[in-house]
Amino acid sequence: MRRSVSTTISLFLLSILCALVSVSGTWVHLDRTEASFAISEPYTHLQVTSGGLIEKDAPEKTQKLKQFLSQHSLALIAISYAESNPSIVGFDPAHKTWFPQLSDTQALAITGTYSAQVWKTHKKNPYLPREVSIIGTFTLPPSISYRSNQVVQQLSPYALPLGNVVVSTTNSNLLGELAELLHQMHFRVRLFKPLKLTEAIIQNPTFLVTVALYVFGLIASILVWGSQLQTQAHELLIHHEYGGTPWRISLERTRIHLPTLLISCLCGTCLTALLLCTASGHALSRIENIAILIGAAVNTCILTLASLLTSYIHACVIIKTHKEGR
């Protein structure tokens with residue numbers, strides 16, 4: 001009875017850890033996607049801060065920047081972190097991204113924001129200059145959180161690329177020219193090359209810790225299962241005396257314990273999903289649910305295989321030791 005309970009508990013805990021590994025891996029992917037502002041092609045992240053154009057220079061310098069982006073078919077998206085400029089600014093001349101096509105004097109209110117409510121009441125938006133008017137609403141891609149941003153505007157003298165900026169290139173020459181153009185607009189620019197997925201995983205402590213706990217837990221469980229088999233050596237030898245091979249004995253033991261394994265994995269996975277929903281205060285996203293289901297399937301396969309191999313190895317050792325002791 002104690003052996004059965006300890007096995008069930010170990011399977012249950014491993015299922016929780018595997019679900020956490022799946023979700024944390026998904027979070028790494030979502031963080032990278034959010035950092036790219038949903039630009040799927042190679043991109044570079046910039047931080048554009050301080051300064052600002054003198055009003056009389058704004059049209060000329062902004063037009064020069066737009067010409068450069070158009071010439072090289074580059075998309076640029078900036079999400080401001082400044083409270084005084086709650087706009088997502090972009091320019092996508094080659095239509096490579098989700099960013100809408102607008103004129104300099106047009107803007108779209110982000111769905112679910114105060115600006116969207118103001119637009120529905122036909123009032124003037126307090127966040128925009130009088131030259132710019134809202135022509136409708138716009139729903140951002142799921143990977144982008146608008147946070148304090150209210151509207152979407154095209155790059156113009158009224159909407160400059162200030163804040164966190166993503167540009168659709170990793171070409172150092174083009175990035176150097178872009179940085180120089182932004183410097184001419186009196187901005188300070190810092191460039192950050194995006195992390196590869198492997199680099200992002202290595203630098204993510206949550207994912208690494210959950211993987212380490214799962215691996216150590218699996219090793220500990222295998223050792224526990226092995227010690228339990230040693231105490232059942234007499235029963236195993238009886239099966240062997242009646243023609244049972246180590247492989248057939250292992251298959252039979254795995255078949256008997258498979259329902260317990262499946263139920264433990266299911267309960268552990270469901271509990272993890274419930275705890276994550278409770279902790280976050282909202283339902284898990286579609287990609288998180290898919291990741292948990294895939295993790296549960298992979299975990300079930302790993303535990304089944306581990307149980308089978310553990311039984312087989314110990315059966316071989318016990319039978320061999322018994323024969324040598326005769």
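These are my notebook entries on what I looked up in this structure, which is a predicted model.

**Entry 1: the whole chain**

I began with the protein chain as a whole, and found 9 helices and 8 strands in it. The chain has 326 residues, of which 43% count as buried. I then looked up its accessible surface, which comes to about 17,900 Å², with 62% of that belonging to carbon and sulfur atoms. For contacts between residues at least 6 apart in sequence, I noted that 79% join residues at least 24 apart.

**Entry 2: helix H2**

I turned next to helix H2 (58-71), and checked its length against expectation. At 1.5 Å a residue its 14 residues should span 20 Å, and the end C-alpha atoms are 20 Å apart, so the two values agree.

Which residues of H2 are buried? I listed Ala58, Thr62, Leu65, Lys66, Phe68 and Leu69. They cover an arc of only 155° around the axis, and therefore lie on the same side of H2. On the other side of the helix I found Glu60 and Gln71, which are exposed.

I also looked up what the buried residues of H2 pack against, and the partners are E2, strand E3 (87-91), strand E6 (151-154) and helix H4 (172-184).

**Entry 3: the nonpolar cores**

The largest nonpolar core has 24 residues, and within it Leu46, Leu65, Phe68, Leu69, Leu178 and Leu182 touch the most other members. I traced where this core comes from: strand E1 (44-49), H2, E2, E3, strand E7 (163-167) and H4 each supply at least two of its residues. Which element gives the most to this core? It is H4, with 6 residues. Apart from this core lies another, of 16 residues, and I noted Ile79, Phe99, Leu102 and Leu108 among them. As a general remark for my own reference, nonpolar side chains tend to be buried together in soluble globular proteins.

I then followed phenylalanine 68 more closely, since Phe68 is one of the buried residues of H2. Leaving out residues up to four places away in sequence, phenylalanine 68 touches Leu74, Leu174, Glu177, Leu178 and Leu181.

**Entry 4: the end of H2 and histidine 72**

After H2 I came to histidine 72, which is found in the loop between H2 and strand E2 (76-79). Histidine 72 is partly exposed, with a relative accessible area of 28%. Not counting its neighbours within four places in sequence, histidine 72 is in contact with Leu174 and Glu177, and both of these residues are also touched by phenylalanine 68. I looked up threonine 169 as well, which is 97 residues from histidine 72 in sequence but 9.6 Å from it in space, C-alpha to C-alpha. I noted too that serine 73, which follows H2, has a positive phi, near 50°.

**Entry 5: cysteines**

How many disulfides does a search of the whole structure find? The search finds 0. To see why cysteine 18 has no such bond, I looked up the closest cysteine sulfur, which is that of cysteine 265 at 8.3 Å, too far for a bond; the cut-off for a disulfide is within 2.5 Å. Cysteine 301 is in no disulfide either, and its nearest cysteine sulfur, again that of cysteine 265, is 9.6 Å away. I compared the surroundings of the two: cysteine 18 is buried, with a relative accessible area of 8%, whereas cysteine 301 is exposed, with a relative accessible area of 56%.

Definitions and conventions:
Residues are numbered from 1 along each chain as its sequence is written. This is a predicted model: local features need pLDDT of at least 70, side-chain atom pairs count only at pLDDT 80 or more; totals for chains, interfaces and linings use all residues. Side-chain values use heavy atoms; hydrogens and water are left out. Helices (H or I, at least four residues) and strands (E, at least two) are DSSP runs, numbered from the N terminus. Buried means under 20% relative accessible area, exposed over 50%, partly exposed in between (1.4 Å probe, protein chains only). Contact means heavy atoms within 4.5 Å. The expected span of a helix is 1.5 Å times one less than its number of residues. The arc is that of the directions from the helix axis to the C-beta atoms. Accessible areas come from the Shrake-Rupley method with a 1.4 Å probe; for residues, only the protein chains shown count as cover. A nonpolar core is a set of buried Ala, Val, Leu, Ile, Met, Phe, Trp, Tyr and Cys residues joined through side-chain atoms within 4.5 Å.
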